[in-house]
Amino acid sequence: IRALIIEDEAHGLTNLLNALAKHCPDVEVKATGGTNADLIKICNDERQGPFDVAFLDINLSDGNVFKGLK
């Protein structure tokens, strides 16, 4: 399972990576970012995807993640 994580807090990203490694060994994190700009860049880069699952922090430093997906 190919995963994308967008999380702007380092401890949040670390906690999620550790939880996935411990409890979901079939999940492979293929890309991470911390802003809406990262999300758009990663999603537009065909070499990065496709992803089967995305873990998205809702409130990022550059705004709400759903506004970034417009």
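Follow the chain from its start and you'll meet the pattern β-α-β-α-β-β-β-α. That comes to 3 helices and 5 strands, where helices (H or I, at least four residues) and strands (E, at least two) are DSSP runs, numbered from the N terminus. You're looking at a predicted model, in which local features need pLDDT of at least 70, side-chain atom pairs count only at pLDDT 80 or more, and totals for chains, interfaces and linings use all residues. Residues are numbered from 1 along each chain as its sequence is written, and side-chain values use heavy atoms, with hydrogens and water left out.

**Stop 1: the whole chain**

Show the C-alpha trace and turn it around: along its principal axes it spans about 30 × 25 × 15 Å. The radius of gyration is 12 Å, which agrees with the value near 11 Å for a compact globule of 70 residues. That radius is taken over C-alpha atoms, and the globule rule is 2.2 Å times the number of residues to the power 0.38.

Now colour by burial. Of the 70 residues, 29% count as buried, meaning under 20% relative accessible area with a 1.4 Å probe, protein chains only.

**Stop 2: the largest core**

Select Leu4, Ile6, Ala31, Leu39, Ile42, Leu60 and Val65, and you have the largest nonpolar core. Such a core is a set of buried Ala, Val, Leu, Ile, Met, Phe, Trp, Tyr and Cys residues joined through side-chain atoms within 4.5 Å. Strand β1 (2-6) and helix α2 (36-44) are the elements giving two or more residues to this core. Apart from it lies another core, of 5 residues, including Ile5, Leu13, Leu20 and Val27. In soluble globular proteins, nonpolar side chains tend to be buried together.

**Stop 3: Leu4**

Which residues does Leu4 touch, leaving aside its neighbours within four places in sequence? Pick out Ala31, Leu39, Ile42, Cys43, Phe51, Val53, Ala54 and Phe55: Leu4 is in contact with each of these, contact being heavy atoms within 4.5 Å.

**Stop 4: Leu60**

Jump along to strand β4 (residues 59-60), where Leu60 sits. Is Leu60 buried or exposed? Leu60 is buried, with a relative accessible area of 8%. Beyond its neighbours within four places in sequence, Leu60 is in contact with Ile6, Asp8, Gly34, Thr35, Asn36 and Val65. Try drawing a distance to Glu7, too: the two C-alpha atoms are separated by 7.3 Å, though the residues are 53 apart along the chain.

**Last look: the contacts overall**

Zoom back out. Among contacts between residues at least 6 apart in sequence, 74% join residues at least 24 apart.

Notes: Buried means under 20% relative accessible area, exposed over 50%, partly exposed in between (1.4 Å probe, protein chains only).
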